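Please examine the structure shown below. The report that accompanies it is written for a reader new to the subject.

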Amino acid sequence: MRAPRVALLPVALMLALAGCASAPPNDVARASQAVESAPTAPSTNKSAQLTAMYETFWEETLRRNPVAATFQGDPRYNDQLPNTLSQEFRDETHAFNTRWLETIRAIGSDGLEGQHLLSYQIFVRDLEQSLESEQFPGWMQPVNQFGNFTTLAVQFGSGTGAQPFRTVKDYDNWLARGKRFPVLSDQAIANMREGVAAGVVQPRPLMVKVIPQLDNIIKARAEDTLFWMPITNMPATFPAADKARLTTAYREMIDGQILPAMRRLRTYVGDEYMPKTRTSAGLDALPNGQAWYAFNARNSTTTDMSPAAIHQLG
């Protein structure tokens, strides 16, 4: 069985590209890897069944989250970019996690030992926390100064990230994926508008740093952007017809779709969102913020201690 070798990205976000910070990190890949590295003692039928199910879960997760597959070095979905910021995707994620949690719980942990038991516990815990996280609207804050879909899109589209640009097919893959960027960008604006209405907004100092990031990305023409680097660095071995076709297609995509979407986002953040940002810093200033912070602390530390108790402990 081919086992994942890198920890799975967040289910609701996968990708900083999704920008939804509410979902906890998912360690199901580590669960699968733990099973693979288990001692060679005879395994039960149940452990073998669970191992196969972890692999199926992993495959379904990659299909639902193509960017995660790209990060894993799996090229099968390099041309896809679903709208992971949409309500539809969140609903699908809820159904996906619920189905898998019910399926695994139905098998149960009785009789499991060692790494097989640990893998089961990790799998269940991560899905439970993913479902619990849904009450906290991280999707209303899809943009911040550290990581968001815009900076990740630049890394991918410039050829400096996980998106490969070695073959003509690679170039066509990003052409298809890059054209989906405006969908995410416009959805982010819609989500932030909902956040403003609900009082779930970012601290102002964070968003102040986003403005120059966007300004550094937005240029007057495609050739001046980082998105043009794949064309500049196009392999000399490509057929002349493909070189001409891709050069024209990339210029049209960057000038006609990516840059206008970036400008819409820049205008919204600078003109509409910035005046609505908050002067407070902590999550406790947001609706249900104390519970949100406590959840994050529990998820990050694997303890049920309150944030105050953790603080006192030092």
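The following paragraphs describe the overall fold, then the salt bridges, and finally a charged patch.

This is a predicted model. The protein contains 13 helices and zero strands. Of its 314 residues, 50% count as buried. Among contacts between residues at least 6 apart in sequence, 77% join residues at least 24 apart. The accessible surface of the protein is about 14,400 Å², and 54% of that area belongs to carbon and sulfur atoms.

The whole structure holds 13 salt bridges. Three of them are listed here with the distance between nitrogen and oxygen.

| Acidic residue | Basic residue | N to O distance |
|---|---|---|
| Glu59 | Arg76 | 2.8 Å |
| Glu60 | Arg99 | 2.8 Å |
| Asp224 | Arg221 | 3.0 Å |

The side chains of Glu59 and Arg76 meet in a salt bridge. Glu59 lies in helix H2 and Arg76 in the loop between helix H3 and H4, so this pair ties together parts that are 17 residues apart in sequence. Glu59 is buried, at 14% relative accessibility, whereas Arg76 is partly exposed, at 42%. Glu59 and Arg76 also belong, with Asp74, to a network of salt bridges.

Glu60 forms a salt bridge with Arg99. Because Glu60 lies in helix H2 and Arg99 in helix H4, the pair ties together parts that are 39 residues apart in sequence. Glu60 is buried, with a relative accessible area of 15%, while Arg99 is partly exposed, with 40%.

On the surface, Glu88, Asp91, Glu92 and Glu134 gather in a patch of negative charge. Glu88 is located in helix H4 and counts as exposed, at 56% relative accessibility.

How values were computed: Residues numbered from 1 in each chain as written. Predicted model: local features only at pLDDT ≥ 70, side-chain atom pairs only at ≥ 80, totals over all residues. Heavy atoms only, no water. Helix = DSSP H or I, 4+ residues; strand = E, 2+ residues; numbered from the N terminus. Buried < 20%, exposed > 50% of the residue type's maximum accessible area, 1.4 Å probe, protein only. Contact = heavy atoms within 4.5 Å. Areas by Shrake-Rupley, 256 points an atom, 1.4 Å probe, with all protein chains shown as cover. Patch = residues over 30% accessible without salt bridge, like charges linked within 9 Å, V, L, I, M, F, W, Y side chains within 5 Å. Salt bridge = Lys/Arg side-chain N within 4 Å of Asp/Glu carboxyl O. Lys, Arg positive; Asp, Glu negative; His and termini not counted. Charge placed at Lys NZ, Arg CZ, Asp CG, Glu CD.
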